[in-house]
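This report goes through one protein structure, a few residues and helices at a time. Keep the sequence and the 3D view open while reading.

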Amino acid sequence: MSHSGSTLVLIMAIAVLAPLLAYWTGRRIPVPLAVFEILLGILVGPDVLGWARSDELIDGLSELGLTMLIFLAGYEIEFGKVRGDTLRRSVWAWLVALALGLTAGVLLGGGYSTGVFIGVALTSTALGTVLPVLRDSGGLRGRFGSVVMAFGAVGEFGPIIAMALLLSGRTAAQSTVLLAVFAALTVAAVYWALRPRPPWFATVIARTLHTSGQFAVRFVFLLIALMLGASTALGLDVLLGAFAAGLITRLVLTGAAPEAGPEILEKVEGVGFGFLVPVFFVVTGIEFDLDSLLSGGRSLLLLPVFLLLFLVVRGGPMWFLAPRDLDRTDRGALVLYGSTALPLVVAITTIGLDDGALAAGEAAALVGAGMVSVLVFPLLALRVRAGRDRTPEGAEEGEPVSGSSEAW
């Protein structure tokens, strides 16, 4: 068997084992699935057992996994909940976090080029990781869920925009023009998505939903490819295209196939969470530079520093700018959920390593802090809001409940 083949077999074996471990440990303490995937990836990687190594094929599949993760995060955003004063507050909170993050990054990194990578990474929120935890606990229902959705969406979309502006190697003016062009294309796509679809569109979706045709699923992947192609053609990060594709796909399916939409999403999630996304997280573990982190010195000390900065840089502005109707308990949980970071941290550090702006130890400390945040922060948030999430018996789902506000 080729090297790529044996590594892929190991990756898929981990993808099967990880949910079992998450299920068994979940009886006592819920641990996000991504944590097991990354840790097992480290175990089989070159720094421990040496059974698996990444190559061009494995890296390609991993990039597709990250793209799918960001697409699904974009799809989760409900425009009816992310708007108004809450959205304005979430944008301001992220902008303040960006200023704090860039300052901290420059001070820690010893220069602007390194500081930008660190600073942008500190402003991210792992919405795709947080949402399943919220959904499983019932926390997406009600006011608290809509606030987390708004702050998390900006925390995922904002760093992608910052990457396009600050990490592209172009001048700010050039990046702004390209972003404006992409924004215009996205607005045009949204306008098209909001227009009524012809009757035959819904008919074809319904008739092929359970056949080999799978028109709707193929149409979704066409939208993803088109938005990825647009972002690539403009020299922007493909994650921007993936996120926009998720937003557009929700609008199209909501308007054209409201009844079949959830089932279509399940099929797309089957491809994403069943294959591509696990590959991304396991490869993250395989490529994790454990030796640089455990060699002691500055790298090991940076891990707890970065973990604290996630709370201070990202969480601090959320605490002060959260909607006034949230009490201290919900604000604390919002800070913990919003400070959870990993997927974009991995993407940003990967770019930083490729550009030579980040040292291996700094990248490992950032990713390590992200892994700890994914493991610890959502669990603490669940404890903080214990008893507030589950909808009481007799209450309608989605109905505001006193004291309530939906693991991957």
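## Asp85 in helix α4

Asp85 is located in helix α4, which covers residues 84–109. The model is a predicted one, and every value below is computed from it. With a relative accessibility of 38%, Asp85 counts as partly exposed, because the partly exposed class runs between the limits of 20% and 50%.

The side chain of Asp85 makes a polar contact of 2.8 Å with the side chain of Arg89. In an α-helix there are 3.6 residues a turn, so residues three or four places apart point the same way. Asp85 can also be compared with a residue far along the chain: Ala381 is 296 residues away in sequence, and the two C-alpha atoms are 24 Å apart in space.

## Two buried residues of helix α3

Helix α3 spans residues 56–76 and contains Thr67. Ile58 is found in helix α3 as well. Are these residues buried or exposed? Thr67 is buried, at a relative accessible area of 8%, and Ile58 is buried at 0%. Both values fall under 20%, so both residues are classed as buried.

What does each residue touch, leaving out its neighbours within four places in sequence? Thr67 is in contact with Leu228, Val238, Leu239 and Ala242. Ile58 touches Ser4, Thr7, Leu8, Ile11, Val279 and Val283. Between Ile58 and Leu247, which are 189 residues apart along the chain, the C-alpha separation is 28 Å.

## Helix α15 and its surroundings

Helix α15 covers residues 328–338, and nine of its eleven residues are buried, so the helix is largely enclosed by the rest of the structure. The buried residues are Asp330, Arg331, Gly332, Ala333, Leu334, Val335, Leu336, Tyr337 and Gly338.

Which helices do these buried residues pack against? They pack against α6 (127–137), α7 (142–166), α14 (298–321) and α17 (360–384). The N-terminal end of α15 is capped by Asp327, which has a side-chain oxygen 3.2 Å from the backbone nitrogen of Thr329.

## The loop between α6 and α7

Two of the helices that pack against α15 are α6 and α7, and Arg141 lies in the loop between them. Arg141 has a relative accessible area of 21% and is therefore partly exposed. The C-alpha atom of Arg141 is 40 Å from that of Leu293, a residue 152 places away along the chain.

## How α9 meets α10

Two packed helices are described by the angle between their axes and the distance between the axes. For helix α9 (residues 199–208) and helix α10 (residues 215–233), the axes come within 7 Å and cross at roughly 115 degrees. On the α9 side the residues that meet α10 are Phe201, Val204, Ile205 and Thr208, and on the α10 side they are Phe215, Ala216 and Phe219. Sorted by class, this contact has six nonpolar residues, one polar residue and no charged residues.

Thr203 also belongs to α9. At 34% relative accessibility, Thr203 counts as partly exposed. Thr203 and Ser231 are 28 residues apart along the chain, and their C-alpha atoms are separated by 31 Å.

## Gln214 in the loop

The loop between α9 and α10 holds Gln214. Where does the phi angle of Gln214 fall, positive or negative? Gln214 has a positive phi of about 45 degrees, although Gln214 is not a glycine. Gln214 counts as buried, with a relative accessibility of 19%. The limit for buried is under 20%, so Gln214 at 19% meets it, whereas Arg141 at 21% is partly exposed.

## Aromatic rings and charges

How many aromatic pairs does a search of the whole structure find? The search finds eight. One aromatic cluster is formed by Trp192, Trp200, Phe201, Phe215 and Phe219. Among the members of this cluster, Phe201 is one of the α9 residues that meet α10, and Phe215 and Phe219 are on the α10 side of that contact.

Charged side chains also lie over rings in this model. Arg250 lies over the face of Tyr75, at 4.9 Å from the ring centre. The charged end of Arg385 sits over the ring of Phe144, 3.9 Å from its centre.

Terms used. Residues numbered from 1 in each chain as written. Predicted model: local features only at pLDDT ≥ 70, side-chain atom pairs only at ≥ 80, totals over all residues. Heavy atoms only, no water. Phe/Tyr/Trp six-rings, centres within 6.5 Å; stacked < 30°, edge-to-face > 60°. Lys NZ or Arg CZ within 6 Å of the ring centre and 35° of its normal. Helix = DSSP H or I, 4+ residues; strand = E, 2+ residues; numbered from the N terminus. Buried < 20%, exposed > 50% of the residue type's maximum accessible area, 1.4 Å probe, protein only. Contact = heavy atoms within 4.5 Å. Polar contact = N/O pair within 3.5 Å; in protein donor to acceptor, adjacent residues only side chain to side chain. Axes fitted to C-alpha atoms, helices over the stretch in contact; angles between N-to-C directions. Nonpolar A, V, L, I, M, F, W, Y, C, P; charged D, E, K, R; others polar.
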